[in-house]
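Student: I am new to this structure and would like a close look at a single part of it. Please start from one residue and work outward to what surrounds it.

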Amino acid sequence: MLIKSRNASDVLSSEITPKSVFEKRRSFLKTAAFAGAGIAAGALPTLPAYAARTPLSGVQKSKWSAESLPENDPITDYEDVTSYNNFYEFGTGKRDPKENAQEFKVTPWEISVEGACMKPGKISFEDLIKPETLEERVYRLRCVEAWSMVVPWVGVSLASVLKKFEPTSDAKYVAFETLFDPERMPGQRQPVLKWPYKEGLRIHEAMHPLSILGVGMYGEVMPNQNGAPVRLVMPWKYGFKSIKSIVKIKFQKTIPPTSWNDAAAREYGFYSNVNPAVRHPRWSQDSERRIGEIFKRKTLMFNGYAEEVASLYEGMDMRKWF
Ligand SMILES: Nc1nc2c(c(=O)[nH]1)N[C@H]1C(S)=C(S)[C@@H](COP(=O)(O)O)O[C@H]1N2
Ligand SMILES: [Mo]
């Protein structure tokens, strides 16, 4: 995502960093960490906190397996997916979330579900990750900044969670909110966005079988920088719709305000379906770069999920409702 004060040339230099530059920065960071540990205590260097990775058990395979991907569509490296992030609550630089989110405590965690439903209430993280509910879904996610990645998410069907709360016929939209806690999310001390981060979906989008609440990736719990402990994953929409660290879900009759639409309505619409034919006002959306790759790829309508989701938008003018 972009903040308004940045210009297009900033985008080119910071969003599209060649892999070799990554590697150099990465090895620099490692060296610095080890040197620091040595000087401080004279003890053996310890691994940084982000090396602690927790497997999730009972994850079922799904029909969205790695084998369902086209041949030229490999899974993106774990290292890349977890070190190049947009998570403004932990800084606006792509490497900031990995640096700044490691101490973020996500236990205990609850999501409050409210609004137009018969059974408002709360759902805990433990209830979300009951083994029979966890599935691996290998999905592409494409950022509006024209980079993308292929990730083996672990998640639960969003529809199955929402249905437990029995939404009423007034539930035309679903609103989502990230935690607001500037003590724990230092980026919220800066007014870069209206906090808390907000997103929204039409009810039919939320209930679509592709929509998931992501609780992990690569068979492990969600790394903090990728939106721990629970985030949306909406593979046919630009990345910013996939809101991280969710604490509130609300069913409502009216269209929910969203953070990026509030910040720049001309640039970020409510729908934000991936669409190579509709430009962002400041750049084309017709191609993208996979994190870790050099050459660009053509961007596909609905990010390659047209067969599944196009019917949700039948008869809609996608230029008007971008
Ligand atoms: N709460 C919150 N959610 C967020 C963001 C954010 O800054 N804050 N950034 C969004 C954007 S722009 C993208 S592209 C994806 C990035 O997810 P990733 O870091 O796992 O690649 O998260 C989205 N969800
Ligand atoms: Mo994004």
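Tutor: The model is predicted, and a convenient starting point is glutamate 67. This residue counts as exposed because its relative accessibility is 68%, and the cut-off for exposed is over 50%. Glutamate 67 sits in the loop that runs between helix H2 (19–41) and helix H3 (78–81). Along the sequence, 71 residues separate glutamate 67 from valine 138, yet their C-alpha atoms are 9.1 Å apart in space.

Valine 138 leads to strand E3, which spans 135–142. The loop between H2 and H3 also has a salt bridge to this strand: aspartate 73 lies in that loop and arginine 140 in strand E3, 67 residues apart, so the pair links distant parts of the chain. The nitrogen-to-oxygen distance between the side chains of aspartate 73 and arginine 140 is 2.8 Å. Both aspartate 73 and arginine 140 are buried, whereas glutamate 67 is exposed. The two partners also belong to a network of salt bridges whose other members are Arg142, Glu288, Arg290, Glu293 and Arg297. In the whole model the count of salt bridges comes to 22.

Next comes the pairing of the strand. E3 runs antiparallel to E4, and 8 bridges join them. The two strands form a hairpin with 4 residues between them, and in the turn alanine 146 has a positive phi of about 75 degrees. Within this pairing, glutamate 136 stands opposite valine 154 of E4.

Strand E4 covers 147–157. Of its 11 residues, 10 are buried, so the rest of the structure largely encloses the strand. E4 has further pairings. With strand E7 (residues 212–217), E4 pairs in the antiparallel sense over 5 bridges; there, valine 154 has glycine 216 as its bridge partner. With strand E11 (residues 287–290), E4 pairs in the parallel sense over 2 bridges, and tryptophan 147 stands opposite arginine 289.

The hairpin strands also border empty space. There are 2 cavities of 30 Å³ or more, and the largest has a volume of about 310 Å³. Its lining is made up of 22 residues, and the closest to the centre are Asn86, Arg231, Gly239, Ser242 and Lys244. E3 and E4 each supply at least two residues of that lining. By class, the lining of the largest cavity consists of 12 nonpolar, 6 polar and 4 charged residues.

E3 takes part in a second lining as well. The second largest pocket holds about 260 Å³ of space, and both E3 and helix H9 (306–309) contribute at least two lining residues each. This pocket has 14 lining residues, with Trp64, Ser68, Gly304, Tyr305 and Glu308 nearest its centre. The classes here are 7 nonpolar, 3 polar and 4 charged.

To recap, the route began at glutamate 67, in the loop between H2 and H3. From the same loop, aspartate 73 links to arginine 140 in strand E3. E3 then pairs with E4 in a hairpin, and the two strands both help line the largest cavity.

How values were computed
Residues numbered from 1 in each chain as written. Chains lettered and ligands numbered in written order. Predicted model: local features only at pLDDT ≥ 70, side-chain atom pairs only at ≥ 80, totals over all residues. Heavy atoms only, no water. 1 Å grid on protein atoms, 1.4 Å probe; cavity = no way out; pocket = protein on both sides within 12 Å on 5 of 7 lines; lining within 4 Å. Points joined across faces, edges and corners; volume = space filled by probe spheres on them. Nonpolar A, V, L, I, M, F, W, Y, C, P; charged D, E, K, R; others polar. Buried < 20%, exposed > 50% of the residue type's maximum accessible area, 1.4 Å probe, protein only. Pairing = 2+ DSSP bridges. Salt bridge = Lys/Arg side-chain N within 4 Å of Asp/Glu carboxyl O.
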